Every structure is written in C-alpha cells, then in structure tokens.
Amino acid sequence: MDYRDSAEEAEFRTRLRTWLADNAGRFPTSGDEYWARQGEWHQALYGAGFFGLSWPERFGGHDLPAVYDVILDEELAKAGAPPRPSLGYLLHGLCRHGSVELQERFLPGMIDGTQRWCQGFSEPGAGSDLASLRTAAVREGDEYVINGHKIWTSYSDIADWCLLLARTDADVPRHRGISAFIVPMDTPGIEQRPLKMISGITTEFGQVTFDDVRVPARNLVGEPGDGWAMAMTVVGHEREPSTLGYVARYAKTVQSLVARSDEPSDELAVAAVETEMLRLHVRRRLSEQLDGISHTSEGSLDKLLMTWTEQTVGHAALSVTGTSDPELLSSYLYSRAQSVMGGTSQIQKNIIASRLLGLGV
C-alpha cells in the first residue's frame, strides 16, 4: 500500500500546516472552555477552507475525497490543535433521509458553523435499546406536540437545532413507530440542564425535557415512521473512527508517553500496538470509501476497535503519569465512557455476531 500524498494532497497539507502554525494556539483543546469555543473553532476552520472538505459543494462543502479529512485530522493532532467538530453523522442522516427542502434549509448553516446542532436520541430508559424510546409526538393540525425527556445530549446548552427522535405511533412494532424531527431549541417548553462528567466537564452533555413543545409538521424528516432508518444511518456514521479523527491523537499521546517513560510498561507497549492496528484499520476503511464501498453494520466493528484503543491508551497514560498530569487524567476518565456512549460494547458485539457473522439467525 502506498500512503504517500499526491501532489494535490501535499500542497493541501502544507497550506494547512502554515495556517495552523498561526491559528491553532488561539483555541483551547480541553475542558469547558474548549466546548464553549468549539463553534468559534468550527467557523475559523470553515473560513480558512478547512472544514466540510468531503461534504457536498452545493451546501457549502468542498466535494473533496475523504482522504482530505484524514489529512486534516492528522495535522490538527500534530499541531496540538482542537479536534475537528464532529457533525458528519448528522449531515449523512439529512442527506440520505431529508427532503431537498430540508437539506437546502439546514445543511449550509450546519456546515459553515453558523448554526449549532445537537442530537436528541438517548433517553433515561432508552440508550443502547434506542427503539424503546418514550418521547411522543402527536399530530395536531399543521404541528406536532412533543413530550418527553432526552439525556446525554451533546451541545444541548448552545444548540440552535435538535435532530430529535420521537414516537408517533404506539400501535405498530416499536421500530416502525418512530419519526425524526428538526426542533428549534428556543421553542417554548424546552428545558436544558447540564450533566457534570467525572472528568470535571460540565458543558459537553445535557439532559433536555420537552413539555408540550410544538413543532411545524414541515420539520418532519422523511415520512412518519421513517425515524428508525434515519437513526441507523446517523449511528452507523457516528461509529466510524475515520470520521471521528481520534487515531492521530492516540498515536501522539503514545509517543509522548514513550518520551516520558524511563522504562516503557507492558500497558504502553500494548497501547502502541493497538494504536497502530487502528491506524491501519482506518486506512483500509478510507480505501474502501474511496472505492465507493459503504458500510452499515461494520460501523459496530469500528466503534469496538476505537473503544478498546482509547481505553488502552488511557490505561497506559495512568501507568506512566499516575494522577499527576490533569489533562491525561481527564482523558483517562473520559475514555471509560467510550464503552457506553454511542451504543455499549455489548450491543456492538451483538450486532457483529448477528449481522456480520450470522450467528443466532
């Protein structure tokens, strides 16, 4: 395999490095300040021509091959810059399931960062078992009235819009009774409360309640009952490590730990091996993307490998620095959530067993 840059890719990488040298240090990379200024970072990247690289040009993207996103993620990690804001999974959901009207209305603001988004999927009683959600949407004339409770909603404190799942039909099999809506977060009846993480962060996640929230029927994504298909598109892309941009950061952390360690531990050696494994796996996924191969259930395999690697790197950091480095300790504590968020590791294994290996069929 030849992973060297083409002439065009090399020129892009050089231009990006030059821009990052002048701009990366202006933005925080962790803690509540990072989350508070993520929108500013998003708009800075977009304004310089470095965001929405592989997204449709008609909505403000650049229509470049996905390899440019990988170059961006690599260079952001090398420069010690904040990661690329993760929105691709929402864009894929709207591009595949939303009407042309909804796409033209919402995707430009999503891509250029002028409108912030959150994802209203999980509920206190419906996390990995998402189909058991209870938030309800009842049609009344030209509106839907929504009541329910969402939790672990990223960016809910600053979001302008929420891509929401709600049950519109309780009399059909549960997967078929779910619909998707685009909900303005300033609508009367919406209350957002922050959730404090074990790492100390208070602004990444929130819980959101909907009390007789009225949403125009034109904000329905697809048809009534199409919500589950849209959710699977979103979740499938959410679980792809190549779109999350973490691999280069794991490698940089491991290299930093090696430099700080007098005698590398077994934990650090395993972290180095798993990081390289994930890097090669993501390269293979990228090659398949460039060949036009799309993945659905394979996203569970990607998510599982990413979880293992992040938690292994976190353990390695703990073995080298203990609790003396606040940023590495925060990263370790955050890594513990990876086996729960985005679908638990147990759920991912069930999907791999049933849909990829054909077990239990």
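Here a colleague and a modeller talk through helix packing, cores and a few single residues in a predicted model.

Colleague: Before we start, at what pLDDT do side-chain atom pairs count?
Modeller: Residues are numbered from 1 along each chain as its sequence is written, and side-chain values use heavy atoms, with hydrogens and water left out. Because the model is predicted, local features need pLDDT of at least 70, totals for chains, interfaces and linings use all residues, and side-chain atom pairs count only at pLDDT 80 or more.

Colleague: Happy with that. Are H4 and H9 roughly parallel or roughly antiparallel to each other?
Modeller: Helices are DSSP runs of H or I with at least four residues, strands are E runs of at least two, and both are numbered from the N terminus. H4 (residues 67-78) and H9 (residues 247-260) have axes 8 Å apart, at an angle of about 30°; axes are lines fitted to C-alpha atoms, for helices over the stretch in contact, and angles run from 0 to 180 degrees between N-to-C directions. Angles under 35 degrees count as roughly parallel, over 145 as roughly antiparallel, 65 to 115 as roughly perpendicular and the rest as oblique. H4 and H9 are therefore roughly parallel.

Colleague: How many charged residues are in the contact of H4 with H9?
Modeller: Contact means heavy atoms within 4.5 Å. From H4 come Asp 73, Glu 74, Leu 76, Ala 77 and Lys 78, which meet Ala 248, Arg 249 and Lys 252 of H9. Ala, Val, Leu, Ile, Met, Phe, Trp, Tyr, Cys and Pro count as nonpolar, Asp, Glu, Lys and Arg as charged, and the others, Gly among them, as polar. That contact has 3 nonpolar residues, no polar ones and, for charged, 5.

Colleague: And how are H4 and H10 oriented to each other, roughly parallel or roughly antiparallel?
Modeller: The axes of H4 and H10 (residues 266-290) come within 10 Å and cross at roughly 150°. The two helices are therefore roughly antiparallel.

Colleague: Which residues of H10 make the contact with H4?
Modeller: The residues in this contact divide into 4 nonpolar, no polar and 2 charged. On the H4 side are Val 67, Val 70 and Glu 74, and on the H10 side are Arg 283, Leu 286 and Leu 290.

Colleague: Let's close the triangle. How many nonpolar residues are in the contact of H9 with H10?
Modeller: The axes of H9 and H10 come within 9 Å and cross at roughly 155°, which means that H9 is roughly antiparallel to H10. Val 247, Tyr 250, Ala 251, Val 254, Leu 257 and Val 258 of H9 meet Leu 268, Ala 271, Ala 272, Thr 275, Leu 278, Arg 279 and Val 282 of H10. By class there is 1 polar and 1 charged residue, while the nonpolar ones number 11.

Colleague: Now the interior. Which helix gives the most residues to the largest nonpolar core?
Modeller: A nonpolar core is a set of buried Ala, Val, Leu, Ile, Met, Phe, Trp, Tyr and Cys residues joined through side-chain atoms within 4.5 Å; buried means under 20% relative accessible area, exposed over 50%, partly exposed in between (1.4 Å probe, protein chains only). The largest core has 49 residues, and Trp 117, Leu 163, Leu 165 and Ile 182 have the most contacts inside it. Elements giving two or more residues include helix H1 (7-23), strand E4 (161-167) and strand E5 (178-184). With 6 residues, the top contributor is H4.

Colleague: Is Thr 153 buried or exposed?
Modeller: Thr 153 is in strand E3. Beyond four places in sequence, Thr 153 is in contact with Cys 118, Gln 119, Glu 204, Phe 205, Gly 206 and Val 208. At 1% relative accessibility, Thr 153 counts as buried.

Colleague: What is the relative accessible area of Cys 95?
Modeller: Cys 95 is found in helix H5. Outside its neighbours within four places in sequence, Cys 95 is in contact with Pro 56, Gln 103 and Leu 107. Cys 95 is partly exposed, at 27%.

Colleague: Last one: what is phi of Asp 63 near?
Modeller: Asp 63 lies in the loop between H3 and H4 and is partly exposed, with a relative accessible area of 47%. Phi is positive here, in a residue other than glycine, and is near 55°.
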